Amino acid sequence: MKFIVLPLFFFLCYFKSYAQYTDSTNYHVLLTSTGSINRTNEDRAYLLNNALNFGMKKKSFVLNSTTAWLYGKQNSDLTNNDFSTTLNFNLYKTLPHFYYWGLVNYNTSYSLKLKNQVLAGGGIAYSVLDKPNAYINLSDGVLFDQSSLIVGDSYHTYRNSLRLQYHFAIKELITIDGNHFLQNSFDRKGDHIIRSTTTLGLKLRKWISLTTALNYNKLNITRSENLNLTYGLTLDKYF
């Protein structure tokens, strides 16, 4: 039971790739472990969420990698066994507040009935608002999707990937962050993916916050979705 209860008190780390690096800051490493447990006389449920994040900045180039694993059970039934790893970069070589992006992403998700998925592609992004305490960014691009489902079907398609990203800081005390994706297939009608993360933080120190995060994912091709609420501490250190 200890391995279920202890992660509830560990830190929840949220990786921000914008407005955090300085001229002397080049790297960012985060290790995340959090979870929740619910136990009654007849039922028990737990959810564990672990992630490792690494970021690197070199002049006009930013490289980020994120690996996450979400695992959960209700009684003896598996509810989540979801793994994701992403490598992405931003290239700032043109107009102010404008950059190019590219990524490679691998996913497997029991809750979304997804056996394997590889996404790769790139696009452009523009920061509508770009200040230390207020950031709004819109990006769009094309991804190639090679997927296989748990039921046995396999397919590939090209997707339009539209993202809204934002960060707001209120009096350096409260932070609100969001990443929201809509990824529609060009040639498969009704095939779309929604990924959404909203995070609310209350700063205790410059590098530590109390945090609540709401994550929603939907894979329309399998008619599956999940909604997870996590809470804990955010440790955010750059060097």
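Let's start at one pair of residues: Ser 139 stands opposite Arg 163 in strand 8. Keep in mind as you look that this is a predicted model. The two strands concerned are well worth following, since strand 7 (residues 134–149) and strand 8 run antiparallel and are joined by 15 bridges.

Now step back to the whole sheet. It is an open sheet of 12 strands, in the order 1-2-3-4-5-6-7-8-9-10-11-12, with antiparallel pairing. Strand 1 (27–39) and strand 12 (224–235) stand at the edges; each has a single partner strand, so one side of each is left without a neighbour in the sheet. From one strand to the next, the twist averages 15°. As a general reminder, strands of a sheet pair through backbone hydrogen bonds, either parallel or antiparallel.

Let's return to strands 7 and 8, this time for their charged side chains. A search of the whole structure finds 3 salt bridges. In one of them, the side chains of Arg 159 and Asp 145 meet at 2.7 Å, N to O. This pair links distant parts of the chain, with Arg 159 in strand 8 and Asp 145 in strand 7, 14 residues apart. How accessible is Asp 145? Its relative accessibility is 0%, which is under the 20% limit, so Asp 145 counts as buried. Arg 159 also counts as buried, at 0% relative accessibility.

Arg 159 has another partner: its side chain meets that of Asp 191 in a salt bridge of 2.9 Å, N to O. Here too the pair links distant parts of the chain, as Asp 191 lies in the loop between strand 9 (174–185) and strand 10, 32 residues apart from Arg 159. At 3% relative accessibility, Asp 191 counts as buried. Asp 191 also forms a salt bridge with Arg 188, the closest N and O atoms being 2.9 Å apart. Arg 188 is partly exposed, with a relative accessible area of 28%. Through shared partners, these salt bridges join Asp 145, Arg 159, Arg 188 and Asp 191 into one network.

For an uncharged example, look at strand 5 (residues 98–109), where Asn 107 is found. Asn 107 is buried, with a relative accessible area of 6%, and its side chain makes a polar contact with the side chain of Asn 105 (2.5 Å).

Finally, turn to the surface. Ile 170, Leu 173, Ile 174, Leu 200, Leu 202, Leu 204 and Leu 210 make a nonpolar patch of about 560 Å². Strand 10 (residues 192–205) gives the most to this patch, with 3 residues. Ile 170 belongs to strand 8 (residues 154–170) and is partly exposed, with a relative accessible area of 44%.

Conventions:
Residues numbered from 1 in each chain as written. Predicted model: local features only at pLDDT ≥ 70, side-chain atom pairs only at ≥ 80, totals over all residues. Heavy atoms only, no water. Patch = residues over 30% accessible without salt bridge, like charges linked within 9 Å, V, L, I, M, F, W, Y side chains within 5 Å. Areas by Shrake-Rupley, 256 points an atom, 1.4 Å probe, with all protein chains shown as cover. Salt bridge = Lys/Arg side-chain N within 4 Å of Asp/Glu carboxyl O. Helix = DSSP H or I, 4+ residues; strand = E, 2+ residues; numbered from the N terminus. Buried < 20%, exposed > 50% of the residue type's maximum accessible area, 1.4 Å probe, protein only. Pairing = 2+ DSSP bridges. Axes fitted to C-alpha atoms, helices over the stretch in contact; angles between N-to-C directions. Polar contact = N/O pair within 3.5 Å; in protein donor to acceptor, adjacent residues only side chain to side chain.
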